[in-house]
Amino acid sequence: MSVLTRDEAQTRAKLLDVHRYTIDLDLTAGDETFDSRTVIRFTAGTDADTFVELKPAELRSATLDGRPLDPETLDGNRLPLKNLTAGEHELRIDASMRYSRTGEGMHRFTDPTDGETYLYTQLFMEDVQRVFAAFDQPDLKAVFELTVKAPEEWTVLANSVTEHLGEGRWQAAPTPLISTYLVAVAAGPWHSVRTEHHGLPFGLHCRRSLAPHLDVDADELFEITKQCYDRYHEKFEEPYPFDSYDQAFVPEFNAGAMENPGLVTFRDEFVYRSAVTDAERQTRAMVIAHEMAHMWFGDLVTLRWWDDIWLNESFAEYMGYQTLTEVALGGFGGVPPKWRGTDTWTDFGVVRKGWGYDADQRPSTHPVAPEAVDDTAAALLNFDGISYAKGASALRQLVAWLGEKDFLAGINTHFARHRFGNATLADFIDSLASATDRDVHAWADAWLRTTGVDTLRPVVTRGDEGTYTLQVEHDGSRPHHIAVGLYDQDVSDEGRHLTLRTRLDLDIPQSEPTPLGKRPALLLLNDGDFTYAKVRFDPESFEAVRTSLSGLPEPLTRAVVWNALRDAVRDGGSAHRGATPEPPLPPTAYLDTARAHLPHETDLALVQGVLAFAAAQVAGRYLTPDERPAALATLSSLCRDLIRRTEDGDNPGLRLIAVRHFIDVAAQPDTIAAWLADGTVPGGPELDPELRWRVLARLAVLGATDEATIAAELDRDPSATGQEGAARCRAALPDADAKARAWDAMFATDDLSNYLFTATAQGFWQPEQADLVRQYVPRYYEDAVAVAARRGPAIADAAGRWAFPVYAVDEETLRLGEACLADANPIPSLRRKLVDQLDDLARALRVREA
């Protein structure tokens with residue numbers, strides 16, 4: 001298959017003006033394929049040759065202006081259109097297309113709970129070609145008219161309002177001008193909940209087996225959707241540009257969600273069938289806000305080429321968090337979520353910021369707005385922590401520097417200039433520049449065209465009269481507008497507290513030292529987390545953090561501190577540059593800090609984030625196998641404290657987090673096995689399906705369960721999630737035959753769906769089983785390269801992310817990986833994952849050495 005290059009796209013965009021697609025899909029042709037008939041009406045500006053893309057099981061016929069084209073001329077995914085003349089043309093394609101089992105193209109899923117089948121499209125980047133023929137690039141927008149034939153009892157959803165014509169035929173209203181990758185269809189016996197808002201039909205849809213769980217949350221989901229819709233209409237002068245707003249929760253979805261205009265698709269794990277925390281509900285709400293922002297950023301105004309991914313994702317990420325914060329602080333009408341009044345930027349700081357920092361320090365880093373995205377394969381690799389988290393952080397810094405009024409004015413100018421069209425970075429910066437006297441072009445060059453993470457270090461100097469000044473040492477080139485928090489120590493009967501004295505606004509680089517007055521106990525750079533930079537502590541501030549972190553008054557401030565500690569661990573904890581030495585932070589010190597302060601933490605996102613890093617990275621990778629048991633003991637003790645603290649039942653979310661992590665770090669099976677036998681944790685919670693599978697997976701790792709028990713649990717929970725849980729448990733069994741079966745399922749056959757592949761991979765590698773699986777480390781590289789080449793980018797991503805031997809932290813694993821990159825020629829998506837994994841492995845080795 002040929003990937004589309006930027007040069008080819010630019011040439012074709014100059015040649016063609018695409019008007020309309022008329023697409024007819026027949027979903028009743030069998031379990032393996034469906035029929036796709038497409039009519040494309042377009043204008044050629046000059047006499048020329050070009051091509052249309054499709055990836056059929058069979059190309060039955062093709063005609064151009066009534067003249068037959070030879071199906072044998074299809075070359076990979078390109079059908080040549082020779083000797084086009086200037087003027088109007090009509091291209092007709094009749095093809096049979098394959099259903100997908102990997103979440104690419106038209107994904108087909110049969111629910112093991114009730115046997116019902118569901119189909120949905122994910123057409124991002126190049127996957128529209130798996131469903132219908134298209135001039136597949138984002139700047140050839142067109143009107144799309146779809147008709148779909150489906151089984152009579154099914155409902156068909158699309159980008160626009162659909163009408164059932166009878167006998168299983170559905171017709172969708174013509175769309176406005178949209179890009180090919182944004183076309184969407186979802187078909188099946190959906191359970192639907194519908195309402196209206198400002199005259200616009202809103203819908204929620206899921207599998208029938210999830211209906212009771214969707215119904216429980218439907219009011220909250222609708223209220224969040226309506227509140228975000230209203231808030232965006234306060235921000236944006238351009239009204240919502242489509243005729244309906246459906247949100248479909250679909251199975252085995254590769255992303256969190258996809259911003260198809262009028263039909264947003266979400267992974268259906270967001271329909272909670274087990275207990276979740278308020279922080280997880282907040283995350284779901286943020287995804288709703290993120291995807292709705294895309295209706296303007298990405299759908300109404302679309303990037304011209306994939307080098308401007310950030311124009312979609314960074315903006316949706318920033319707007320999602322900012323708008324949800326505003327909505328939550330303002331209230332949710334009659335359905336207030338428990339987390340109302342919280343700042344979602346704390347969750348961003350804990351969950352997303354680290355994603356961006358990690359990606360930006362690897363060899364695969366790239367600018368937020370790269371200039372050299374030569375083809376679609378390269379573009380696909382840039383949907384990462386840089387395009388999302390770093391880009392959103394850059395926009396948050398832009399708003400702090402520019403002011404929200406001018407920022408929104410520039411955005412509205414951008415929408416007005418490019419509605420239903422395409423735009424570039426230069427177009428956006430010009431729109432911003434029209435709203436301010438500030439030099440936004442220089443800002444964009446410094447923030448969007450550069451790579452890496454700046455580091456800010458405080459140097460506190462005592463003056464002659466006992467007052468102090470601050471000079472910030474700056475490793476990096478970007479300007480920063482930050483707040484500096486000055487905190488004084490306060491000791492009471494409840495313990496040590498840090499009280500905010502004041503926050504100073506500071507522009508970096510500084511023109512001169514900043515007066516502080518008396519020496520604060522803690523001086524915190526980037527308080528409020530308005531910029532994207534690693535921050536360090538001076539020695540006195542580090543001591544205040546060590547003793548009083550949990551006494552800081554605001555969760556977002558604590559998030560900045562925890563991120564700084566995380567960075568200090570990842571950086572080896574051994575840097576002593578500049579006038580102020582940085583105290584080393586070995587991994588055990590991070591665990592000690594967590595042990596001291598997490599029992600007093602109130603923010604769920606912080607507790608979850610710190611425990612996750614401590615378990616997966618510190619105990620799992622940064623400490624040696626000999627040190628791991630002590631680390632697990634520390635984390636178990638910490639979780640026990642949290643469980644005791646929540647015995648009165650007033651913080652079920654914190655208790656749930658503690659229970660989950662206690663299960664995950666259990667070194668002995670007795671306690672959690674008793675929980676499974678009793679069906680409950682003493683004092684609660686009862687073990688719902690998620691907790692039961694979690695316990696069983698840990699028991700499998702510890703060799704305290706068997707195949708018969710796993711099979712019995714699957715009989716108890718035969719759902720899709722249960723199938724994944726069983727696959728994870730079976731792969732985790734410390735048995736040579738179980739490991740061989742799991743390996744063959746992933747790499748020797750192509751039967752596993754994307755989700756079952758991931759679940760099997762998650763169970764396979766366990767630090768407690770290093771000797772058992774050592775023989776598979778050298779096999780991994782060859783087999784991963786082969787399966788990625790056969791099955792494509794989605795499985796390549798899963799193979800690189802989940803099947804990589806992350807716990808084999810040694811020089812031999814690194815050497816084998818480097819040889820694979822040099823000699824084996826993995827496809828781009830796997831190569832990128834391997835580059836990142838090997839860099840993380842080398843970092844883990846350096847941390848151990850430090």
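The exercises below, each with a worked solution, concern a predicted model.

**Exercise 1. Helix α20: length**

Task: Work out what span helix α20 should have, and compare it with the distance between its end C-alpha atoms.

Solution: Helix α20 covers residues 720-732, which is 13 residues. The expected span is 1.5 Å times one less than the number of residues. For α20 this gives 18 Å. The end C-alpha atoms are 19 Å apart, which agrees with the expected span.

**Exercise 2. Helix α20: surroundings**

Task: State which residues of α20 are buried, what covers them, and how α20 crosses α22.

Solution: Start with the buried residues. These are Ala720, Gly722, Glu724, Gly725, Ala726, Ala727, Cys729, Ala731 and Ala732.

Next, look at the cover. It includes the strand β8 (105-110) and the helices α18 (689-701), α19 (707-716), α21 (736-747) and α22 (754-764).

Then take α22 by itself. The axes of α20 and α22 come within 7 Å and cross at roughly 30°. The crossing is right-handed. On the α20 side, the contact is made by Gln723, Glu724, Ala727, Arg728, Ala731 and Ala732. On the α22 side, the residues are Tyr755, Leu756, Ala759, Thr760, Gln762, Gly763 and Phe764.

A general rule helps in reading such lists: an α-helix has 3.6 residues a turn, so residues three or four places apart point the same way.

**Exercise 3. Three salt bridges**

Task: For the pairs Arg284 and Asp217, Arg501 and Asp488, and Arg730 and Glu707, give the N to O distance, the elements linked and the burial of each residue.

Solution: The background is that side chains of opposite charge can pair when their charged atoms come close. A search of the whole structure finds 66 salt bridges.

- First pair: the closest N and O atoms of Arg284 and Asp217 are 3.1 Å apart. Arg284 belongs to helix α3 (residues 278-294) and Asp217 to helix α2 (residues 211-235), and the two residues are 67 residues apart. Both Arg284 and Asp217 are buried.
- Second pair: for Arg501 and Asp488 the closest N and O atoms are 2.9 Å apart. Arg501 is in strand β25 (residues 495-508) and Asp488 in strand β24 (residues 480-492), 13 residues apart. To judge burial, use the cut-off: buried means under 20% relative accessible area. Asp488 has 18% relative accessibility, so Asp488 counts as buried. Arg501 has 28%, so Arg501 counts as partly exposed.
- Third pair: Arg730 and Glu707 meet at 3.0 Å, N to O. Arg730 lies in helix α20 and Glu707 in helix α19, so the salt bridge ties together parts 23 residues apart in sequence. Arg730, at 30% relative accessibility, counts as partly exposed. Glu707 is partly exposed as well, with a relative accessible area of 35%.

Salt bridges can also share partners: Arg231, Glu234, Lys235, Glu326 and Glu404 are joined in this way into one network.

**Exercise 4. An open sheet**

Task: Give the strand order of the open sheet of 4 strands, and explain why β26 and β28 are left without a neighbour on one side.

Solution: The order is β26-β23-β22-β28, and the pairing is mixed. β26 (514-517) and β28 (534-535) stand at the edges. Each has a single partner strand, so one side of each has no neighbour in the sheet.

Now examine one pair in detail. Strand β23 (residues 468-475) and β26 pair in the antiparallel sense over 3 bridges. Tyr468 stands opposite Gly517 in β26.

**Exercise 5. A hairpin**

Task: Describe how β15 and β16 are joined, and identify the residue in the turn with a positive phi.

Solution: Strand β15 (residues 191-197) and strand β16 (residues 200-206) run antiparallel and are joined by 7 bridges. Val193 stands opposite Leu204 in β16. The two strands form a hairpin with 2 residues between them. In the turn, His198 has a positive phi of about 50°.

**Exercise 6. A loop residue**

Task: Locate Glu116, classify its exposure, and list what Glu116 touches beyond four places in sequence.

Solution: Glu116 lies in the loop between β8 and β9 (117-122). Its relative accessible area is 22%, so Glu116 is partly exposed. Leaving out residues up to four places away in sequence, Glu116 touches Phe109, Thr110, Asp111, Pro189 and Arg208. The C-alpha atoms of Glu116 and Ser209 are separated by 8.9 Å, and these two residues are 93 residues apart along the chain.

Key. Residues are numbered from 1 along each chain as its sequence is written. This is a predicted model: local features need pLDDT of at least 70, side-chain atom pairs count only at pLDDT 80 or more; totals for chains, interfaces and linings use all residues. Side-chain values use heavy atoms; hydrogens and water are left out. Buried means under 20% relative accessible area, exposed over 50%, partly exposed in between (1.4 Å probe, protein chains only). Contact means heavy atoms within 4.5 Å. Two strands pair if DSSP finds at least two bridges between them. A salt bridge is a side-chain nitrogen of Lys or Arg within 4 Å of a carboxyl oxygen of Asp or Glu. Axes are lines fitted to C-alpha atoms, for helices over the stretch in contact, and angles run from 0 to 180 degrees between N-to-C directions. A crossing is left-handed if the near helix is turned anticlockwise from the far one by less than a right angle, and right-handed if clockwise.
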